[in-house]
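Dear colleague,

Please find the structure below, together with its sequence. My notes on one helix and on the salt bridges come after it.

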Amino acid sequence: MAKPSEKLAESLQALHELQANGTVTIRSANLSRTHRERLLRNGFLQEVIKGWYFPTRPDETAGEGIDKLSYIPLHIFDNLPCYSAAAYFHDTKARIRSIR
């Protein structure tokens, strides 16, 4: 049976291969669940938003890599609902009128 350090080395190798291909932000689908959880547990990955991770150093404090947010691909936000305040209030007024 492989030692924990050997298992971590395998996960780090998988992370290294992604980084060697130029990957900056890592989507959960790009790493196996085993590697992802092992790297998270040992401080080599940090989840930024659900399903997206950044490589980190275990000695980095939380939030230290906040400047990495600019590397999140913008297309992941395409399907998220986004409302302006004006649209929200217009919709609320319409619902109130329909109740009356």
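The notes begin with how the model was treated and then turn to what was found.

This is a predicted model, in which local features need pLDDT of at least 70 and side-chain atom pairs count only at pLDDT 80 or more, while totals for chains, interfaces and linings use all residues. Residues are numbered from 1 along each chain as its sequence is written, and side-chain values use heavy atoms, with hydrogens and water left out.

Helix α1 comprises residues 4–20 (helices are DSSP runs of H or I, at least four residues, and strands are runs of E, at least two, numbered from the N terminus). Its buried residues are L8, S11, A14, L15 and L18 (buried means under 20% relative accessible area, exposed over 50%, partly exposed in between, with a 1.4 Å probe and protein chains only). Seen down the axis of α1, these residues fall within an arc of 115°, taken from the directions from the axis to the C-beta atoms, so they line one face of the helix. They pack against β1 (26–27), α2 (33–41), β2 (45–49) and β3 (52–55), with contact meaning heavy atoms within 4.5 Å. The face turned away from the buried side carries the exposed residues S5 and A20. Just after α1, G22 has a positive phi of about 90°.

Two salt bridges were counted (a side-chain nitrogen of Lys or Arg within 4 Å of a carboxyl oxygen of Asp or Glu). In helix α2, R33 and E37 lie four residues apart, about one turn, and their closest N and O atoms are 2.8 Å apart. R57 pairs with D59 at 3.1 Å, N to O; R57 is partly exposed at 47%, and D59 is exposed at 60%.

Yours sincerely
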